[in-house]
Amino acid sequence: MIKTENLVKNFEDFTALDHVNMHVPAGAVYGLVGPNGAGKTTILRHVAGIYKPEEGQVLIGDRPVYENPQVKASFTYIPDDFFYFSQANTLEMMKFYKNIYPHFDEKLFEELREAFREIDPKKKVARLSKGMQKQVAFWLSICCRPEIMLLDEPVDGLDPVMRRQVWSVILSGAVEHGTTVLVSSHNLRELEDVCDHVGIMHRGKLVLEHSLSELQGNISKVQIAFAPGAEPSFEDLPVMHTSVSGRVHTAIIKGNPLEVEDRLKKINPLLLDILPLSLEEIFIYELGGDDYAVKEILI
């Protein structure tokens with residue numbers, strides 16, 4: 001659905017994007033993760049058609065985005081700072097969006113009043129708090145019934161209850177209408193429960209891109225104990241990390257968890273548990289525990 005091919009962007013002598021190749025499948029919720037300054041906002045602005053590629057290209061459904069009104073009508077973009085007319089209220093902004101997006105759903109707008117009940121739609125958006133302005137942006141964007149939603153640090157400024165509410169509405173749309181969601185964040189934990197594909201950016205490069213099922217199906221966290229006097233053995237498996245607490249050895253092992261378990265059972269351990277890894281643990285061990293990008297994402 002969304003593809004960047006060898007995308008390059010420089011700001012004077014600073015390389016913001018360095019030959020980035022990103023692939024967002026149709027219907028995916030794709031989390032673009034990285035420390036501040038990694039290039040997340042820059043790539044989103046290219047996908048939104050705001051920036052013109054210096055090299056490479058951005059495609060949505062095999063069509064270039066830049067200066068292509070038909071393609072731009074298929075998505076909504078919520079940047080960190082939401083645009084609104086200074087004298088407009090939410091109802092007036094709704095009419096503006098309706099004139100731009102042919103599939104704007106007024107019935108859905110009314111249904112979502114309860115979800116965004118803290119918002120007075122007749123009050124000027126400029127007089128709302130930043131968190132409420134972000135809610136207005138989500139309210140309007142969802143009602144556009146877009147094929148794609150582009151979200152840049154989307155829930156910053158929202159309280160925990162509203163964060164869950166917003167994600168619930170977005171994910172419902174993704175499931176019911178096949179909406180593709182591309183969301184950036186510097187916080188990996190924030191995206192762990194909502195994304196099915198993840199890419200990590202660092203210093204203008206996309207250093208890792210996988211579906212969660214691929215990641216979770218290719219790495220195991222093993223706790224194993226051996227009989228007294230027995231030498232620890234991992235059957236020559238590709239061990240990425242080990243630690244010991246008493247007689248229990250914990251190992252991060254590359255490979256299919258079921259195959260790893262079958263091989264370790266053959267050495268008759270006293271204890272053998274295969275544990276799930278969190279998304280942040282997967283990235284730490286995939287990229288290396290000392291990797292700067294991962295440290296920044298997890299802070």
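Contact here means heavy atoms within 4.5 Å. The model is a predicted one, in which local features need pLDDT of at least 70 and side-chain atom pairs count only at pLDDT 80 or more, while totals for chains, interfaces and linings use all residues. Residues are numbered from 1 along each chain as its sequence is written, and side-chain values use heavy atoms, with hydrogens and water left out.

**Exercise 1. Determine where Gln135 lies, whether Gln135 is buried or exposed, and which residues Gln135 touches.**

Step one is to place the residue: Gln135 belongs to helix α5, where helices (H or I, at least four residues) and strands (E, at least two) are DSSP runs, numbered from the N terminus. Step two is the accessibility, for which buried means under 20% relative accessible area, exposed over 50%, and partly exposed in between, with a 1.4 Å probe and protein chains only. Gln135 has 3% relative accessibility and therefore counts as buried. Step three is the list of partners: not counting residues up to four places away in sequence, Gln135 touches Phe116, Glu118, Ile119, Leu158 and Met162.

**Exercise 2. Work out how α5 is oriented against α6, and which residues make the contact.**

Begin with the axes, which are lines fitted to C-alpha atoms, for helices over the stretch in contact, with angles that run from 0 to 180 degrees between N-to-C directions. The axes of α5 and helix α6 (residues 160-177) come within 11 Å and cross at roughly 10 degrees. Angles under 35 degrees count as roughly parallel, over 145 as roughly antiparallel, 65 to 115 as roughly perpendicular and the rest as oblique. The two helices α5 and α6 are therefore roughly parallel to each other. On the α5 side the contact is made by Gln135, Phe138 and Ile142, and on the α6 side by Met162, Val166, Val169 and Ile170. Sorted by class, this contact of α5 with α6 has six nonpolar, one polar and no charged residues; here Ala, Val, Leu, Ile, Met, Phe, Trp, Tyr, Cys and Pro count as nonpolar, Asp, Glu, Lys and Arg as charged, and the others, Gly among them, as polar.

**Exercise 3. Describe the packing of α3 against α5 by its angle, axis separation and contact residues.**

The geometry comes before the residues: helix α3 (residues 90-100) and α5 pack at an angle of about 35 degrees, with their axes 10 Å apart. From α3 the contact draws on Thr90, Met93, Met94 and Tyr97, and from α5 on Val136, Trp139 and Leu140. By class, the contact of α3 with α5 has six nonpolar, one polar and no charged residues.

**Exercise 4. Establish the strand order of the six-stranded sheet, its edges, and the helix α5 that packs on the sheet.**

The six strands form an open sheet in the order β6-β7-β8-β3-β9-β10, with mixed pairing; two strands pair if DSSP finds at least two bridges between them. At the edges stand β6 (75-78) and β10 (205-211), each of which pairs on one side only. Neighbouring strands of this sheet are turned by 15 degrees against each other on average, direction ignored. Helix α5 (residues 130-143) packs on the sheet, touching β6 and β7 (148-152), and its direction makes about 175 degrees with that of β6. Within the sheet, strand β3 (residues 29-33) and strand β8 (residues 180-185) run parallel and are joined by five bridges, and Val29 stands opposite Val181 in β8.

**Exercise 5. Trace the four-stranded sheet and its hairpin of β4 and β5.**

The order of this open sheet is β2-β1-β4-β5, and the pairing is antiparallel. Because β2 (14-24) and β5 (63-64) each have a single partner strand, they stand at the edges, and one side of each is left without a neighbour in the sheet. Moving inward, β1 and β4 pair in the antiparallel sense over five bridges, with Val58 in β4 as the bridge partner of Thr4. Strand β4 (residues 55-60) pairs with β5 in the antiparallel sense over two bridges, and Pro64 in β5 is the bridge partner of Leu59. The hairpin of β4 and β5 has two residues between the strands, and in this hairpin Gly61 takes a positive phi near 60 degrees. Finally, helix α1 (residues 40-47) lies across β1 (2-11), β2 and β4, running at about 120 degrees to β1.
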